Amino acid sequence: MTQIRNREIMSFRSLKLKHSYSSEKDDLLESFYVPVLGEAVSYKRITGYFSSSSFLTAAAGLTRFIKSNGHMQFILNVVLSDKDYDQIEKGTQNPEKIIENNLIHDLDALEDECRNDHVKVLGWLIAHGYLEVKIGYIKEKRTVNELLHQKTGILTDRENNTLSFSGSNNESAYGWVYNSEKFKVFFSWEINNETFISQDVEDFEELWANQSIKTEVIPFPEAVKQRVISIAQREPIDIGDLLMRIAKTQNHNNRCEVPDAGFQNRGRRLFETEQKYRAIRLRNYQHEAIDAWLQNRCQGIFEMATGTGKTYTALGALKQLLENERKLVTVISVPFLHLANQWEQNLPKMGINIPIIHVSSANTKWRDELKTKILNNRLDKERQFIILTTHDSLSSSSFIELMHDVKSPILLIGDEVHGLGAVTRLEALLPLYTYRLGLSATPERYFDELGTRELMQFFGKVVYIFDLHKAINEINPDTGETYLTPYEYHPVFVELTQDDMDAYSILSGQIAILCSKKSQSKSEQLMLEQKLRERQDILKNTCTKYPAFRELISELAKNNEIKQTLVYCSPQQIETVQQLLRNQRGIVQHRFTSKEDATRRQEKYCGLTEREYLLDKFAKGDYDVLVAIRCLDEGVDVPATRNAILMCSSGNPKEYIQRRGRVLRRAPGKKKAVIYDITAVPTTIDGRYAHVDTKMLESQLKRLEEFAKDAMNQEDVERDIFEIRRKYSAYGG
């Protein structure tokens, strides 16, 4: 810890304290909270609302409190729902489990706050034993709004002087700085005060020991506490230096910038705030991307790797446009329905709080709702609003028809924009979209020049690039580490069967005929896409991959390295892959596909969606292996992944770049990832396939070389690729 300059030892008695404080007359923070906390060695607090931002506002006092090895005990309020009480009464769940589920429900929002100083301080205090937290709730529900509403604080200094205060203020930045608050203070060293103080102490101790008649008090749920600690500790901090820096930069005149991401009384969120989330601070390269887009007349594509903040960069661009346009309709189109929910959650983090409408199969009333929004926009009643939709809904005739009624400027943001280049979706690219922004790590469509050309013509050029190579090799100044995790890459070669080779040769001939046509009809374009997929499926699904997979997982299990392994496979492979995993003793696995629900939160999944629940269990190590199909290619990140086994990679850059980026996300304690790529190569039995062999082989080796160039073991992989090429050259390839 950074050393804090020595000062004269004082006590509460040396402070100029009053018996009554009102924010209408007094600076509660500077005249009471900071100086008192600075002299204290013990702080007991009962509060209806709690916010870690109270630590941020009182940084100077907290610094001295920690220096004195002070100890805090907080009892915080939580309100349970009717359903929660019913579960307790029926005995289906204990109160601790319900509260844990409720609190952990929104920890993803807290995780995004991990850069915030107040959250770092909160995690540090809990992790190092300076702060103990317990939760209070009313035992029996009689009306609808019972809650632990006491607001009392008891502080003791080094000389065992004690003071207690009680009044209206909560333990938050708003309670100490912004709200109109009033409280009374009693001092142990003054005559006639001791009775009041001893009663406050007795009441607190009864609650802390869970001996109260009306209120049940339980320990802060362990799972939630551990997640708070792990989130805060992702970036190592020097608490002394951090608090001194906060104390220097924070003053009463600029405290309007202090967020209040705190603890809500309803137990549905861990942290409560007046401005819902603290705004995300964009990095320099994200500002560069936005500037490039603005300079290109608000059109263009961001080619940015997974993990570098495409979404927040796009929202930063949207925010600037909202400030410049009096009226604006924004359409955000995503490949999968659950991603629309992620965008909605991210909007307030960028300070964007305008009306939203969901246009998808999940909202059966969207047509009527959109008609109303468009009419209100035309009548100047609702000048700005956002439409969250999917690529399929965006290209539907009913949506296109309604969009023609919009008279305001329109911004279209295409998330994973390469998906809009498919033949069936090109109709969505309407000229009426005034402003256009595409997002993708891989904007060019594989073997689809027409689709790529249409996308580039519509959205404009790629205006900013922050690719995977940069993300793996450049240092993030916020963390001192690279944006993505370093990785090892190990290709595992298997040969195709003779039947596979025959089928591949036939499809290659059909593809060559279709590609030779100078002008293709729509049906021929669709047929070409289908033939390319069928040929790629041969390489993906050859049965020779299964013995290699069985040997690999056996070796990982034997070496205790199977934990947090992600297997990418095709729909045709998943049953066999899961069976091979079941046959390995001690491996706990689960499938992760589009069939697992991503939108509906359910009690049986602890208040999470099914997908969130599976990812949480995987991150904790309860599941050793997740077996995934395509749903992980776009929009779903699995930061906990240590090993990735690619059973069905293709030569499509979109697939292998997206998948690699997903598993290279940073996670606590994750120093590297290891990628195993089970790769099909031509059979060497029959030389008459030599010409086809060469093309097939090169399509596979191109992907391997792309993976190898940023791997920690690049030289070893390049040596293996060289040996493969030399081997096949002997067969006339």
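Angles between helix axes count as roughly parallel under 35 degrees, as roughly antiparallel over 145, as roughly perpendicular from 65 to 115, and as oblique for the rest. In the predicted model considered here, this scheme was applied to helix H12 (residues 284-295) and helix H13 (residues 310-324), whose axes come within 9 Å and cross at roughly 50°. H12 and H13 are therefore oblique to each other, and their crossing is right-handed. On the side of H12, the contact is made by Gln 286, Ala 289, Ile 290, Trp 293 and Leu 294, while H13 contributes Tyr 312, Thr 313, Gly 316, Ala 317, Gln 320 and Leu 321. In general, two packed helices are described by the distance between their axes together with the angle between them.

Aromatic side chains were examined next, and a search of the whole structure finds 19 aromatic pairs. One of them joins Phe 204 and Trp 208, whose rings are stacked, with 5.7 Å from centre to centre and 15° between the planes. Both residues belong to helix H9 (residues 194-208), where Phe 204 and Trp 208 are four residues apart, or about one turn of the helix. Phe 204 has a relative accessible area of 1% and is buried; Trp 208, with a relative accessible area of 11%, is buried as well.

A further pair is formed by Tyr 489 and Phe 707, whose ring centres lie 4.8 Å apart and whose planes meet at 20°, so that this pair, too, is stacked. Tyr 489 is located in strand E20 (residues 487-495) and Phe 707 in helix H26 (residues 690-708), and the pair therefore ties together parts that are 218 residues apart in sequence. Because buried means under 20% relative accessible area, Tyr 489 at 0% is buried, and Phe 707, at 1% relative accessibility, also counts as buried. The ring of Phe 707 has a charged neighbour in addition to its aromatic partner, since the charged end of Arg 660 sits over this ring, 4.7 Å from its centre.

An arrangement of this kind, a charge over a ring, is also found for Lys 617, whose charged end sits over the ring of Tyr 623 at 5.8 Å from the ring centre. Elsewhere in the model, aromatic residues are grouped beyond simple pairs, as Tyr 21, Phe 32, Phe 165 and Phe 183 form one aromatic cluster.

How values were computed
Residues numbered from 1 in each chain as written. Predicted model: local features only at pLDDT ≥ 70, side-chain atom pairs only at ≥ 80, totals over all residues. Heavy atoms only, no water. Phe/Tyr/Trp six-rings, centres within 6.5 Å; stacked < 30°, edge-to-face > 60°. Helix = DSSP H or I, 4+ residues; strand = E, 2+ residues; numbered from the N terminus. Buried < 20%, exposed > 50% of the residue type's maximum accessible area, 1.4 Å probe, protein only. Lys NZ or Arg CZ within 6 Å of the ring centre and 35° of its normal. Axes fitted to C-alpha atoms, helices over the stretch in contact; angles between N-to-C directions. Left-handed = near helix turned anticlockwise from the far one by under 90°. Contact = heavy atoms within 4.5 Å.
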